[in-house]
Amino acid sequence: MTHLKPINRRTFLGTTAAAFGATAFGGVAQPAMAAGDLTVGFIYVGPKDDFGYNQSHAEGAAAVKAMAGVTVLEEENVPESQDVQNTMESMINFDGATLLFPTSFGYFNPHILELAPKHEGVRFEHCGGLWSEGNPGNAGSYFGYIGMGQYLNGVAAGHATKSKKIGFVAAKPIPQVLNNINSFLLGARSVDPTITCQVIFTGEWSLAVKEAEATNALADQGCDVITCHVDGPKVVCETAVARGAYVCGYHADQSPLAGDMYLTGAEWNWASVYTDMVTKTMAGTPINNFVRGGLADGFIKMSPLGPAVSDAARAQFEATRADIVAGNFAAIKGPLKDNKGNVIAAEGEAFVETDVALESMDYLVEGVLGSTS
Amino acid sequence: MSSLEHSPVQTRPTGARFLAGLMPRAEAVAIPVGALLAGFAAFSVFLLFVGKSPVEFFALVWKAGFSSAFSWQNTLSRVAPLVLAALCVALPARLGLVVIGGEGAIVLGGLAAAVTGTAAAGLPAGAGMMAMVLAGMALGGLCIGAVGALRIKRGVNETISSLLMAYIAIALLNHFVEGPFRDPASLNKPSTAPLAEALRVGDMPFIAAHWGVLAGVAACLISWILIERTTLGFAARIAGDNVRAAQVQGLPVSRLVIGFSALGGAFAGLAGYFEVAAVHGSANASLIAGYGYTGILVAFLARHNPLAILPVAILLGGFEASSGLIQRRMDLPDATILVFEGMVFVIILLSEMLYGRLRAFTPGFWETR
């Protein structure tokens, strides 16, 4: 926010006169633009300083802003309704944007699918991994294997927990969230197989009151390490710390909120993804319509380990990270049952992080206390 | 003849009488417009305090909302749900009810329409569409009709109950979309099954805005005729002005309250139908977009007059259409437009007390001249 400035007659006259001038000569001030420059638009579903999903994308946008010859447009709190179509068209028509990053899951269908054919010269890059064969060629989709980050969170949590109970505040029981919950527990169980993870679903991506209630309920039940998958982890972090529980972050770096209680966090690394895509666009190199990546590809990263992480934990964390970066790592591997007793993976069976079967996950593994419905 | 020509008393009072007849009507336009301008002025002061130029702000609102074909398309695409949501406030308001839960009727109307659309896949497209419209309007009407009934039968405050109804409606939407009516293919964004292409509603010719805009215009006209030109509307206005008097006259106050509330809810349900059939193609959490709340503002600015709702909705649609450009060009947060709308809203409410107090608008002021 802009600071309050005292106004006097001079600043009043100055600002209004300047604006009058701008309006008189060629309409509203246009952003200065040289030939060959690229205008990139970023659209967020929530506030860009939410310490979570939207902030992670805004950090990526900030990295693009620092590139030469690029103009960055940003708009926050854009609902997944007609509004986002209007915003995209406004960026295209008023500001000449030719590369758009509408970052919320619900922006793709129907909104991007509707606009992309109308604006052939514009590239629509959507976060969420929904693009499939037959969708418009000037649209694309990207996503990261962040479940591996939650697995590493689990390793840190497994060492830190004394009660052997860890907690997870989750938004909705959809595959991406379930994969994170399962990965978090399996990471912890790689340290101690007796650890259990209590999960509470809030039912909404962003609902601060329920997130606080859920975190308190987890603490009441003795969970001493808590992580989450909601749009903005701020409330969960602060509540957990107030209750004396360790925190593993998600989406963005929450160490400023959790201080010494912060173990580590699974973060998106959109800065690397976005600068790469912008560089390619400026060079005229095509971007694949369907892009995925993990730790090794720079799509996700881990927050620096906090002071509460022991040397033993650090050693196992680093070793596991090296395994994941080496590739073909599987969190879901046999013998493994879900928490209702059904076999998920038989002895010797493994689902590596890139396996598409994981994208329709509908179970919680054994050791997770909670239900998907 | 000559005596008439020489009589100054004959000509001057004609003009005065004309003014005396005109001014009370002009009051209904002059006060809201004056309040709107005062709101602009107050917001300009606010902008100066944060070091931004009001002129640039209003120029951007003009550019993004009204200056070109694209701006108009951007504005009009927001008008349909706003108009219908505003009627959900304005109709019960004529009976003295302050209903603020139109959002719930939109959400439930959208859900009902989407579910009916899936079930009606075998029917001819026309019949399927009609069934969707009716289902959406019925559920929306039920939602707000129930609020009216609670008020009249049980004395429950309708403002609170309609707001709570919106929470219930949203919870129901989430439950049904994530449970019984979930399309198994919608993995990470639970939704109902996508509508068949034949059941979708397209854009109107020449205007890149869907048919919901026309439906909104029609709904405003119907509401206006109902209120101003029918005995039913006359009875409703009496009940709204003085419930006791209406009861003494033997008017069916409870049926009027429930009926007008239900009709308002039905229009909001229709907005939900258009959101599903023209915009989203299925029902999911994206239906919760806040149109029901902006509709309250529209209805109050229009002083619950259905014919005024349309221009006000266009004005607010334009304000909202400019939100993005203002964020991007002036580096102001997205809440700026909300602050702006809020200031205008408060000043419009304050201006209510001016009615009948400004002497220039009273017939006597001109007749005594």
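Modeller: Let's begin with a term: a helix here is a DSSP run of H or I with at least four residues, numbered from the N terminus. In this predicted model, A:Pro110 belongs to such a run, helix H4 (residues 108-115) of chain A.

Colleague: Thanks! What kind of peptide bond joins A:Asn109 and A:Pro110?

Modeller: A cis one, with omega at about 10°. Chain A has a cis bond between A:Gly334 and A:Pro335 as well, where omega is about -5°. A:Pro335 sits in the loop between strand S13 (332-333) and strand S14 (336-337).

Colleague: How many helices and strands does chain A have?

Modeller: Chain A has eleven helices and 17 strands. Its radius of gyration is 23 Å, close to the 21 Å that the globule rule gives for 373 residues, so chain A is as compact as a globular protein of that length. Buried residues account for 51% of those 373.

Colleague: Now backbone angles. What is the phi of A:Asn77?

Modeller: It is near 55°, a positive value in a residue other than glycine. You'll find A:Asn77 in the loop between strand S2 (70-75) and H3. A:Asn328, also not a glycine, has a positive phi of about 55°, and its place is the loop between helix H11 (311-326) and S13.

Colleague: Is A:Asn328 buried or exposed?

Modeller: Here we count neighbours, and a residue with 12 or fewer other C-beta atoms within 10 Å is exposed. A:Asn328 has 10, so it is exposed. A:Asn77, with 18 C-beta neighbours inside 10 Å, counts as partly exposed.

Colleague: And which helix of chain B holds B:Gly110?

Modeller: That is helix H5 (residues 102-119). B:Gly110 is buried, with 34 other C-beta atoms within 10 Å. Beyond its neighbours within four places in sequence, its contacts include B:Gly136, B:Tyr273 and B:Leu287.

Colleague: How should I read two helices that pack together?

Modeller: Two packed helices are described by the angle between their axes and the distance between the axes. Take helix H3 (residues 82-95) of chain A and helix H14 (residues 323-330) of chain B: their angle is about 50°, and the axes are 10 Å apart. H3(A) and H14(B) are therefore oblique to each other, and their crossing is right-handed.

Colleague: Which residues of H3(A) and H14(B) meet?

Modeller: From H3(A) come A:Thr87, A:Ser90, A:Phe94 and A:Asp95, which meet B:Gly324, B:Leu325 and B:Arg328 of H14(B). By class, this contact has two nonpolar, three polar and two charged residues.

Conventions: Residues numbered from 1 in each chain as written. Chains lettered and ligands numbered in written order. Predicted model: local features only at pLDDT ≥ 70, side-chain atom pairs only at ≥ 80, totals over all residues. Axes fitted to C-alpha atoms, helices over the stretch in contact; angles between N-to-C directions. Helix = DSSP H or I, 4+ residues; strand = E, 2+ residues; numbered from the N terminus. Parallel < 35°, antiparallel > 145°, perpendicular 65-115°, else oblique. Left-handed = near helix turned anticlockwise from the far one by under 90°. Contact = placed C-beta atoms within 7 Å. Nonpolar A, V, L, I, M, F, W, Y, C, P; charged D, E, K, R; others polar. Rg over C-alpha atoms; globule rule 2.2 N^0.38 Å. Buried ≥ 20, exposed ≤ 12 C-beta atoms within 10 Å, placed from the backbone.
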